[in-house]
Amino acid sequence: MATEDARYRQSSQFRLWSFAPSHLASLRSESNMLAKTAISARLQSSNPPVCPIPDFLTPAEEASLLTYYTNELLRAAEFCELPTEIRATSAIFLRRFYVTNSIMTYPPTELLKTCLFFGSKADGFYIRLNKFAEKFPNTTGEEVIAAEYILCQGIRFAFDVRHPFRALEGAIMELRRLESFENDRIDRAHGNARNILKYSPLVTDAYFHYTPSQIMFAALSLADEDLAERLIKNAFSGAPWEVEKKVVEVVQSCREMLQCEPPEKMNDQEVRKAMKPLIKKLKKCRDPDRVDLVALQKARKEQAGQKPKKPKSGLQDDEAVFGGALVDEREAKRRKMAEAANDPFGPALG
Amino acid sequence: MAVSPLVKHPTDALQQVTARAVSSPLKNANSAQASSNGTPLSVSVVPNASAAMQSASLDIAERMNEDEKRKYVRGKKLGEGTYANVYLGHLRHDPSQLVAIKKIKVQKEYTEGMAPDAVREIKHLQELSHPNIITLHSIFSSKDQNLNLVLEYLPLGDLEMLIRDTDRVRYGAADIKAWTGMLTRAVWFCHENFVLHRDIKPNNCLIAADGEVKLADFGLARSFADPYKPMTTNVITRWYRPPELLFGAKHYSGAVDVWSVGLVLAEMVTRAAYLPGNSEIDQINLICQGIGTPTEENWAGVTKLPEYTVPKEVTPLHGKNYYISRFGVIGHEGVDLLMKTLILDPKKRITARDMLKHEWWHKDPKPTLKKNLPKKSGGEEKLGDDLKRRPGVVEEDRGNKVARKLDFGAAR
Ligand SMILES: Nc1ncnc2c1ncn2[C@@H]1O[C@H](COP(=O)(O)OP(=O)(O)OP(=O)(O)O)[C@@H](O)[C@H]1O
């Protein structure tokens with residue numbers, strides 16, 4: 001058990017993608033603020049300037065939209081008949097991406113396709129790009145991968161997502177071994193908990209705040225509280241009671257989070273209808289230059305192509321690394337900003 | 001099973017940055033101005049991708065990428081592989097800290113986005129942290145959207161160089177034991193973390209400045225927990241490919257890596273690949289000759305594998321004496337371990353975990369200390385004295401060549 005925990009602490013999910021709720025909230029509000037600033041500057045500077053500047057999404061509205069689009073992703077994944085773990089991986093990629101990017105900056109309807117395609121690739125499930133694109137209306141393969149790079153950078157190249165599904169199988173085996181519950185009851189709890197895991201943790205922030213086994217216990221407890229309690233008691237029989245109490249509290253708070261998004265919500269038309277006004281609002285305030293990701297990708301490639309001649313100075317060494325870093329005013333500005341902001345995530349990998 | 005829900009999130013490490021206010025992003029806001037497209041439009045704005053490029057400096061993700069990139073300075077090219085160029089690099093603020101920067105090439109044949117090799121390598125190296133596995137320090141992208149993997153710098157070549165340089169590099173049973181031990185620990189750790197390497201061979205075993213062997217090149221790795229879809233059999237360089245893959249088994253396990261480790265061990269002893277097949281058919285023939293023909297008797301179910309074909313003339317499994325006569329320098333226990341890694345039936349083949357429990361490690365000679373291991377010839381100028389010592393020159397305490405041969409005799 002101890003080694004299991006030690007191993008989890010080494011995972012990129014723990015090192016790069018676990019936050020206290022307050023930290024996550026501040027990252028998101030920073031992303032929201034940066035997007036607002038950039039987009040309003042862009043609109044003002046267009047010719048003629050856009051007037052009035054539209055209302056922007058608040059961080060709370062972005063959160064609702066993110067839930068909605070994660071739901072859309074899961075529905076698309078179901079339509080594509082992707083395996084459970086890949087659906088889950090893709091959903092988590094989308095949620096991670098929108099921690100440091102605003103929904104107003106990159107179109108979520110595009111990104112969710114990219115997440116599904118890349119999520120499959122990352123899990124070693126190779127689908128032909130064009131076959132995949134065909135499953136979506138008016139979508140080309142080029143569009144699907146246009147944002148792949150942006151996605152990878154946004155998820156900090158952490159391609160391995162730790163899910164609670166295997167922990168659930170272990171827990172169910174353990175329950176059967178205990179022989180204190182009817183098999184029917186265990187089967188029912190198993191099915192319900194699995195359904196919860198396939199939805200609720202993916203459309204909430206559970207993965208950011210809880211470990212796979214905590215999420216599993218929370219889902220099991222929603223499915224059948226006694227069973228979960230019994231397992232927790234068992235697992236901590238030797239440990240001091242404070243430890244068990246702590247675990248129960250954590251599982252309880254995770255449970256509350258999952259409860260807000262029960263699996264029935266996935267196909268709830270009312271919930272989806274209620275999002276209409278926000279979707280409308282998003283359309284008015286999004287970044288006009290990033291709606292077409294294919295064009296953006298082309299522009300990037302072009303810019304990379306026209307590598308400026310480098311001065312043969314001491315800088316040469318540095319410059320050579322990044323083939324085409326433009327040392328100009330913009331760069332200098334950015335450098336200043338980067339310094340001011342530091343790395344909001346803390347230290348690098350490794 | 002991950003029963004313990006005790007792990008807390010690393011809030012403390014990250015908290016101090018949370019309070020940080022947005023650093024006046026207005027500074028950059030004007031940058032979009034120059035590029036604004038002249039077409040007047042009342043309601044919507046004409047999209048302009050290059051305007052987006054300019055304001056890209058505002059993204060947190062971009063900014064972090066820039067920061068990561070700026071931490072390193074790239075130097076000369078170290079080498080070239082099939083899917084990447086590797087450069088020497090160092091930390092900007094401390095040039096004595098060397099790194100290897102692996103720049104993934106843009107693949108012409110693969111047009112479906114980021115190359116799967118790169119995805120696999122990044123995915124697994126991000127999760128594996130072990131002294132015998134190459135460390136991935138960082139990843140960043142350059143302007144042209146090329147991926148750069150910042151890896152631990154391993155200046156002393158690889159096991160293949162040592163094995164091949166028979167003129168200048170001499171080594172013995174204790175050295176082989178040390179190298180094999182380090183490789184086995186790496187493989188064990190991968191398997192503990194449900195990762196199959198699938199390309200173990202001497203030139204993927206790189207050597208650190210202190211002599212530590214580091215398993216590298218995870219471009220073919222995969223997790224073996226994924227239950228769906230059959231697994232591809234087209235992995236592992238042919239000479240190190242186990243019979244189950246050659247016969248087209250669609251489900252396989254850590255045993256495939258163990259077979260490769262066994263052949264690396266064999267190769268270290270004789271300094272020539274043990275089964276250097278020049279085609280898949282030839283590879284199967286060599287396995288039949290060098291180990292024995294896979295049959296239902298020694299491997300239940302083998303004849304049912306999709307591509308099972310063996311030469312008509314059945315070679316019985318070789319006994320221990322056969323291996324002793326070829327690999328005797330590593331002693332009886334060493335040969336025992338070698339034979340267990342080369343068991344035809346993957347279900348009976350020893351696991352990496354059990355390899356580590358084998359008694360060979362505790363028998364004399366003890367594995368050579370890292371710092372005393374032979375090094376490749378033509379060492380780097382920057383390295384310390386002991387690394388500069390001419391490889392192949394047998395030092396006093398190591399005994400001369402003849403003495404070592406006698407030692408091997410004694411070790412039996
Ligand atoms: N971490 C490192 N430190 C020092 N040199 C390295 C490092 N990684 C790679 N190299 C050098 O760069 C060369 C290319 O490495 P790379 O891993 O891309 O390909 P390879 O393993 O040689 O070939 P292939 O990609 O075909 O398997 C190696 O042969 C080695 O000389």
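Me: UniProt positions are given here in the numbering of this model, feature names are shortened, and annotations may be inferred rather than shown by experiment. Which residues of chain A does the annotation "domain: Cyclin C-terminal" cover?

Reply: The unreviewed UniProt entry assigns this domain to residues 163–259 of chain A. The model is predicted, so that local features need pLDDT of at least 70 and side-chain atom pairs pLDDT 80 or more, while totals for chains, interfaces and linings use all residues. Residues are numbered from 1 along each chain as its sequence is written, chains are lettered from A and ligands numbered from 1 in the order written, and side-chain values use heavy atoms, without hydrogens and water.

Me: How much of the span 163–259 of chain A is helix, and how much strand?

Reply: Helices are DSSP runs of H or I of at least four residues, and strands are E runs of at least two, numbered from the N terminus. By that rule the span is 77% helix and 0% strand, and its end C-alpha atoms lie 18 Å apart.

Me: What makes the pairing of B:Lys102 with the ligand a polar contact?

Reply: A polar contact is a pair of N or O atoms within 3.5 Å. A polar side-chain atom of B:Lys102 lies 3.4 Å from a ligand oxygen atom, so the pair qualifies. Ligand nitrogen also meets the backbone: a polar backbone atom of B:Glu152 is 2.9 Å from a nitrogen atom of the ligand, and a backbone N or O atom of B:Leu154 is likewise 2.9 Å from a ligand nitrogen atom.

Me: Which residues come nearest to the ligand?

Reply: A residue is near if one of its heavy atoms lies within 4 Å. Of the 16 residues around the ligand, B:Gly81, B:Thr82, B:Glu152, B:Leu154 and B:Asp217 come nearest. Strand β1 of chain B gives the most to this shell, with three residues.

Me: Where does UniProt place the feature "binding site"?

Reply: The unreviewed entry lists 11 positions in chain B, among them B:Gly81, B:Asn85 and B:Lys102. They are spread over 26 residues of sequence, yet cluster in space, with a largest C-alpha distance of 14.2 Å. B:Asn85 is found in strand β2 of chain B.

Me: What makes the peptide bond from B:Asp364 to B:Pro365 noteworthy, and what is the phi of A:Arg156?

Reply: Most residues other than glycine have a negative phi, and most peptide bonds are trans. The bond from B:Asp364 to B:Pro365 is cis, with omega near -5°; B:Pro365 lies in the loop between α13 (352–356) and α14 (385–388) of chain B. A:Arg156 has a positive phi, near 55°, and lies in the loop between α9 (148–154) and α10 (165–178) of chain A.

Technical notes. Polar contact = N/O pair within 3.5 Å; in protein donor to acceptor, adjacent residues only side chain to side chain.
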